[in-house]
Amino acid sequence: MLEDIRTVIWRDWLVLNRRLGRFILSRMVSPILYLVAFGWGLGSQIQIGGGSYLDFIVPGILALNSMIISFNAVGTPLNMSRLYHKTLEEYQIAPISASSFVIGKIISGIMRGIISSLVIIILAFAFGATLTINGWFWLVLLLNCALFAALGFVAAMLMNSHEEMANFNTYILTPMSFLCATFFSTDRLPLILHYLVEILPLTHASQALRVASQNGYPPWISLGILSGYLVVFLGLGVWQMRHIRN
Amino acid sequence: MIHIKDLIKQYGNRTVLDNVNLSIESGEIFGLLGPNGAGKTTLIRIITMLASYSGGAVTINKLPLPAEAQKIKALLGCVPQHLNLDTELTAWENLELHGRLHHIPTIERRQRIDELLEYVELRDRAAEMVNTFSGGMKRRLMIARALMHRPKILFLDEPTVGLDPQVRRRLWDLILSLNHQGLTVLLTTHYIEEAEALCQRVAILEKGKLVITGRPADLRRKVGEYALEWADADGMKVRFFNERSDAVKFMNSLDTNTTIRNTNLEDVFVELTGRKVKD
């Protein structure tokens with residue numbers, strides 16, 4: 001099983017490595033814009049909990065960015081591979097288990113999410129952020145990347161066109177990007193919306209990253225919820241891969 | 001080697017394969033012949049475990065499908081109709097990926113890649129991305145990929161579709177040479193000349209039903225060895241004869257231009273189904 005997981009990662013790393021420079025450069029654009037607009041521009045006039053808005057917003061940007069990168073690193077190519085290029089068949093007819101394939105793809109998604117997060121962390125320090133990057137911070141980031149890579153897998157197997165994949169982004173990821181404690185505290189939301197976003201994984205990723213970045217321990221409930229989502233999406237992905245035959 | 005019993009495949013209310021019974025023996029080139037939509041690709045997809053089936057049973061090398069899926073996968077090599085090479089990888093990397101997925105040890109894998117790239121005449125293009133390849137080169141690379149793990153059975157789904165005649169002939173030679181080395185080949189085609197050039201036995205499928213199975217020569221004999229064609233006010237006419245002398249006698253009784261030729265599998269198909277293979 002480990003050998004098969006390694007094979008799946010090997011292929012994806014080969015493709016990523018070939019355009020690593022372009023990947024890193026393209027991942028710098030949005031974070032720089034966020035940091036300039038919300039960190040320097042708007043952030044210079046705002047303080048949250050006695051700290052700078054830049055320090056508040058960087059964990060949110062990291063959670064948001066790692067969500068989008070990990071989701072799309074798995075979702076888009078897998079959906080194309082299943083529907084258009086048919087390269088998924090190469091894995092289907094190979095004597096490897098469904099779980100090896102799913103885990104391999106999720107790790108590939110994590111890889112891209114973490115590389116992209118590293119770019120943001122370096123940029124954030126360059127912009128003057130004062131964050132603590134400790135083990136808890138990495139753990140939360142890792143869980144966030146993993147669960148959204150797994151969600152990308154589930155969506156790719158579920159959606160039957162490129163347009164449907166784009167819609168998934170529009171209706172699921174975009175609202176989470178803005179509402180899930182990324183740019184502001186969820187306390188400011190109307191009560192019903194507040195409770196709604198509290199069950200979404202990105203909220204817990206943003207909040208847990210924020211706590212860890214200030215030398216605190218992320219709440220166990222947040223770690224539990226992130227892990228729970230990961231297990232559910234992973235299970236769903238394996239089930240889908242096993243039942244892909246039409 | 002492959003035994004298919006009462007195989008049924010349904011998509012909702014639509015029956016795509018209807019009680020198909022078929023046996024393919026070790027070492028033969030077996031052709032599935034029929035028009036588009038006859039069920040050929042579905043049958044191959046079921047045997048290669050890319051599709052499930054609704055009823056019946058399939059065994060490969062006495063292993064039941066899908067219960068023994070992992071063992072069966074090691075026996076099969078598959079070249080689908082669509083070009084499904086990984087276009088983000090080079091030719092060498094495509095074979096390497098396949099070798100790794102089939103757990104071939106590193107040294108053996110690297111040797112096998114060199115050997116197969118040589119065999120399909122792509123060694124000098126090994127390091128190039130496959131999206132720069134022509135259709136014929138991609139098809140040859142797909143065959144090499146399917147052979148990486150030394151399968152016992154090779155499935156070729158419309159292997160020469162869209163290829164020019166010279167490339168098609170080269171692929172035929174490749175398929176025949178693989179068969180001479182002992183590989184069992186199951187291919188689908190709607191090119192009659194391809195089935196006649198390659199297949200020791202063929203099965204004709206029409207609307208999901210198996211119409212007939214046999215050696216091409218035996219099937220032709222069932223219709224008649226010779227076909228006499230002529231045109232009249234209603235269009236082209238054809239009549240079959242077992243003896244050439246009978247065909248000539250009938251030809252002399254007609255007051256129009258006629259052609260006598262050997263019958264082919266297209267004639268068999270038209271006689272049995274009333275349709276043309278390319279319909």
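What share of the 279 residues in chain B is buried? Buried residues make up 44% of chain B. This is a predicted model, and the report below describes its two chains, their contact and some local features of chain B.

## The two chains

The table sets out like values for each chain.

| Chain | Helices and strands | Box of C-alpha atoms | Residues | Buried | Contacts at least 24 apart, among those at least 6 apart |
|---|---|---|---|---|---|
| A | 10 helices, two strands | roughly 60 × 40 × 35 Å | 246 residues | 46% | 82% |
| B | 10 helices, 13 strands | roughly 70 × 45 × 30 Å | 279 residues | 44% | 66% |

Start with chain A. From the N terminus, its elements run α-α-β-β-α-α-α-α-α-α-α-α. The radius of gyration of chain A is 18 Å, and the globule rule gives a close value, 18 Å, for 246 residues. Chain A is therefore as compact as a globular protein of that length. Its C-alpha atoms fill a box of roughly 60 × 40 × 35 Å along the principal axes. Contacts in chain A often span the sequence: of those between residues at least 6 apart, 82% join residues at least 24 apart.

Chain B holds 10 helices and 13 strands. For its contacts between residues at least 6 apart, the share that joins residues at least 24 apart is 66%. The box for the C-alpha atoms of chain B is roughly 70 × 45 × 30 Å, again along the principal axes.

## Where the chains meet

How many residues of chain A are in contact with chain B? There are 19, and they meet 24 residues of chain B. Two helices of chain A, α1 (2-18) and α4 (88-92), each supply at least two residues to this side. Helix α1(A) gives the most, with six residues. The side of chain A that touches chain B is mixed in class: eight nonpolar, five polar and six charged residues.

## Helix α3 of chain B

Helix α3(B) is mostly covered, with 11 of its 11 residues buried. Among them are W92(B), E93(B), E96(B) and R100(B). What do the buried residues of α3(B) pack against? They pack against α1 and α4 of chain A, together with α4 (106-119) and α5 of chain B. Helix α3(B) thus has partners in both chains.

One partner, α5(B), can be followed in detail. The axes of α3 (residues 91-101) and α5 (residues 135-147) of chain B come within 9 Å and cross at roughly 25°. Angles under 35 degrees count as roughly parallel, and the two helices are therefore roughly parallel to each other. The crossing is right-handed. From α3(B), the contact uses A91(B), N94(B), L95(B) and H98(B); from α5(B), it uses L141(B), A144(B) and R145(B). By class, these residues are four nonpolar, two polar and one charged.

Just after α3(B), H103(B) takes a positive phi of about 60°.

## A buried arginine in α5(B)

R140(B) is found in helix α5 of chain B. Is R140(B) buried or exposed? R140(B) counts as buried because 24 C-beta neighbours lie inside 10 Å. Leaving aside residues up to four places away in sequence, R140(B) touches V120(B) and L122(B). E193(B) is 53 residues from R140(B) along the chain, and their C-alpha atoms are separated by 20 Å.

## Backbone exceptions in chain B

Most residues other than glycine have a negative phi, and most peptide bonds are trans. Some residues of chain B depart from this pattern.

N19(B) has phi near 55°, a positive value in a residue other than glycine. N19(B) is found in strand β2 (residues 14-24) of chain B. With 14 other C-beta atoms within 10 Å, N19(B) is partly exposed.

M49(B) also has a positive phi, near 70°. The place of M49(B) is the loop between α1 (40-47) and β4 (55-60) of chain B. Why does M49(B) count as buried? The cut-off is 20 or more other C-beta atoms within 10 Å, and M49(B) counts as buried because it has 20 such neighbours.

The peptide bond from L65(B) to P66(B) is cis, with omega near 5°. P66(B) lies in the loop between β5 (63-65) and α2 (69-75) of chain B.

How values were computed
Residues numbered from 1 in each chain as written. Chains lettered and ligands numbered in written order. Predicted model: local features only at pLDDT ≥ 70, side-chain atom pairs only at ≥ 80, totals over all residues. Axes fitted to C-alpha atoms, helices over the stretch in contact; angles between N-to-C directions. Helix = DSSP H or I, 4+ residues; strand = E, 2+ residues; numbered from the N terminus. Parallel < 35°, antiparallel > 145°, perpendicular 65-115°, else oblique. Left-handed = near helix turned anticlockwise from the far one by under 90°. Contact = placed C-beta atoms within 7 Å. Nonpolar A, V, L, I, M, F, W, Y, C, P; charged D, E, K, R; others polar. Rg over C-alpha atoms; globule rule 2.2 N^0.38 Å. Buried ≥ 20, exposed ≤ 12 C-beta atoms within 10 Å, placed from the backbone.
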